[in-house]
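Q: Please take a close look at the salt bridges. Explain the terms as they come up, and then place that part beside other local features.

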Amino acid sequence: MEIYIVKPGDTIESIANMFGVTTDKLILENELDQPSQLVSGQMIVISYPTQTHTVREGETLESIAAIYNITIGELLRNNAFLPNIQGLYPGLELNISFNRTRRIETYGYANSFINRNLLAKTLPYLTYLPIFNYRISESGQIIQDREDSDIIEMAIIYGVLPLLHLSTLTVQGEFDVVTTYRVLIDEDFQDIIIENTLKIIRNKGYYGVIISAQSIDEQNQYLFTNYARRFSERLGQEGYQTLITINPNINTIEDEVIFEVLDYGTIAQAVDSILFLEYMWGLDIIPPGPIISVREQDVFLDYALTQTDPQHIVVGIPTFGYNWELPYISGYSNSEFLTEDNVINLARNVGAYIQFDEVSQNSYFYYEIENGDTVLNVVWVVNAETVDSLVKLSLAKDIDKIGIWNIMYFDAQLWLVINSQYEIVKHF
């Protein structure tokens with residue numbers, strides 16, 4: 001697998017010739033919507049399968065899978081573009097296998113209102129599916145926002161383990177401080193929550209729970225740990241998993257990487273795994289800069305690994321960008337959540353040259369808007385290189401679990417980077 005950064009004057013044909021592949025392969029695998037209008041600084045992923053198959057008249061996915069003794073799921077995973085085309089046609093080249101060096105587990109976060117066709121396209125790449133759909137009420141009842149039985153059924157069909165994500169979020173998407181406080185200090189209240197959650201897990205077919213601990217800090221960490229331990233012990237009695245999501249609040253100030261200094265070792269002993277992840281909802285106001293920094297992750301993970309074993313850690317990877325108005329004033333300046341495709345289209349429309357930051361491994365660009373006054377904007381986005389670097393960083397530290405925030409749109413390059421290099425674990 002290689003990642004090529006588009007240079008001025010490049011065309012999809014010249015890039016294909018450079019790497020000895022077809023233009024169709026680049027367009028289909030990268031899901032390029034405007035291949036004739038590439039943007040300087042845009043990334044193109046080139047995969048190198050170890051075996052391919054050229055479709056002949058009358059062949060089907062079933063017949064091709066049978067030839068190579070693989071599953072249809074493997075064909076779909078190795079050729080993400082298949083749901084985008086109107087059936088197989090003669091001459092279409094399909095990837096049969098890749099030379100994969102390591103095994104990894106993948107967690108893909110989704111809201112219960114995810115488009116079902118998009119979900120079906122993504123499930124072949126997942127080990128676990130955490131579903132955002134449940135929150136704790138002030139009485140300890142577990143409130144379900146939407147029906148999710150069909151999502152759970154789909155996940156299991158694709159060999160993916162669905163996980164119930166539990167939080168104290170309000171309907172508005174904010175953390176309920178009062179309920180959170182009661183959850184931490186009242187063990188009788190915890191028992192009600194645990195039993196109510198367990199009932200849903202049994203009835204719905206979930207394989208475990210992910211507890212949100214986004215507001216954890218040095219003062220309340222042991223209360224969170226006790227809550228998580230009691231959850232884990234009870235669910236473990238019936239063979240279910242308990243995981244906890246923590247936002248370590250990583251930042252760089254004057255070249256020093258800072259983060260929440262918590263007792264991650266004790267927390268890890270209480271649950272099956274810790275997912276280090278910052279939830280971003282698209283409405284959050286965050287300051288301009290890299291969405292996630294590979295350098296910061298390197299420093300933080302080194303610290304976390306002094307306290308816990310790598311098998312207890314899941315590294316979170318965001319999959320989006322932000323557009324900020326400059327100069328940025330918190331609570332006043334405009335900011336906009338963008339998918340990577342949005343970012344490419346914006347750069348094309350404003351004539352920007354996308355640049356690459358070596359430290360964070362994110363892409364960025366500046367542009368101006370003329371609207372009476374000249375307004376400067378900056379855009380930062382996670383790209384294929386970010387994903388590749390973060391996965392390689394994690395594996396170098398013997399961490400073989402990654403969490404994708406989120407899968408509400410399909411990131412073709414992300415999955416191409418991962419699937420062409422690593423075997424994605426399926427537990428059944």
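A: A residue is called buried when its relative accessible area is under 20% and exposed when that value is over 50%, with partly exposed in between. These words are used throughout. The model is predicted.

A salt bridge here is a side-chain nitrogen of Lys or Arg within 4 Å of a carboxyl oxygen of Asp or Glu. By this rule there are 19 salt bridges. One of them joins the side chains of arginine 234 and glutamate 195, with 2.7 Å from N to O. The two residues sit in distant parts of the chain, 39 residues apart: arginine 234 belongs to helix 9 (residues 221-236), and glutamate 195 to helix 8 (residues 187-204). Arginine 234 also pairs with glutamate 238, where the closest N and O atoms are 3.4 Å apart.

How do these residues stand by accessibility? Arginine 234 counts as partly exposed because its relative accessibility is 22%. Glutamate 195 has 34%, so this residue is partly exposed too. Glutamate 238, with a relative accessible area of 31%, is likewise partly exposed. The pairs belong to a network of salt bridges that links Glu195, Arg202, Arg234 and Glu238.

Another salt bridge is made by lysine 397 and aspartate 302, whose closest N and O atoms are 2.6 Å apart. This pair also connects distant parts of the chain, with the two positions 95 residues apart: lysine 397 is in the loop between helix 13 and strand 21 (401-405), and aspartate 302 is in helix 11 (residues 294-304). Lysine 397 counts as buried, because its relative accessibility is 15%. Aspartate 302, at 40%, counts as partly exposed.

Helix 13 (residues 384-396) holds a charged residue of interest, aspartate 388. Aspartate 388 is buried, because its relative accessible area is 7%. Its side chain makes a polar contact of 3.0 Å with the side chain of glutamine 421. Apart from neighbours within four places in sequence, aspartate 388 is in contact with Met1, Ile3, Val417, Gln421 and Tyr422.

Next comes the nonpolar interior. The largest nonpolar core has 108 residues, and Leu129, Leu166 and Ile418 have the most contacts inside it. Which residues does leucine 166 touch, beyond those up to four places away in sequence? Among them are Tyr134, Ile136, Ile142, Val209, Ile210 and Ile211. The list also includes Ile193 and Thr197, whose numbers fall in helix 8, and Tyr227 and Phe231, whose numbers fall in helix 9. Those are the helices that the salt bridge between arginine 234 and glutamate 195 links.

Leucine 346 is another buried residue, with a relative accessible area of 18%. Its place is helix 12 (residues 340-350). Outside its neighbours within four places in sequence, leucine 346 is in contact with Asn323, Leu338, Phe365, Tyr367 and Val379. Valine 379 is 33 residues from leucine 346 in sequence, and their C-alpha atoms are 9.4 Å apart in space.

On the surface, Ile156, Tyr207 and Phe428 form a nonpolar patch with about 260 Å² of accessible area together. Phenylalanine 428 is in the segment after strand 22 (422-424). Its relative accessibility is 46%, so this residue counts as partly exposed.

Some backbone details remain. The peptide bond between leucine 326 and proline 327 is cis, with omega about -5 degrees. Proline 327 lies in the loop between strand 16 (321-326) and strand 17 (335-338). A cis peptide bond also runs from tryptophan 405 to asparagine 406, with omega near -5 degrees. Asparagine 406 is found in the loop between strand 21 and helix 14 (412-419).

The loop between strand 12 (251-253) and strand 13 (256-258) contains glutamate 254, and aspartate 255 is placed there as well. Phi is near 50 degrees for glutamate 254, a positive value in a residue other than glycine. For aspartate 255, also not a glycine, phi is positive and near 70 degrees. Glutamate 254 is exposed because its relative accessible area is 80%, and aspartate 255, at 59%, counts as exposed too.

Conventions. Residues numbered from 1 in each chain as written. Heavy atoms only, no water. Patch = residues over 30% accessible without salt bridge, like charges linked within 9 Å, V, L, I, M, F, W, Y side chains within 5 Å. Areas by Shrake-Rupley, 256 points an atom, 1.4 Å probe, with all protein chains shown as cover. Helix = DSSP H or I, 4+ residues; strand = E, 2+ residues; numbered from the N terminus. Buried < 20%, exposed > 50% of the residue type's maximum accessible area, 1.4 Å probe, protein only. Polar contact = N/O pair within 3.5 Å; in protein donor to acceptor, adjacent residues only side chain to side chain. Contact = heavy atoms within 4.5 Å. Core = buried A, V, L, I, M, F, W, Y, C linked by side-chain atoms within 4.5 Å.
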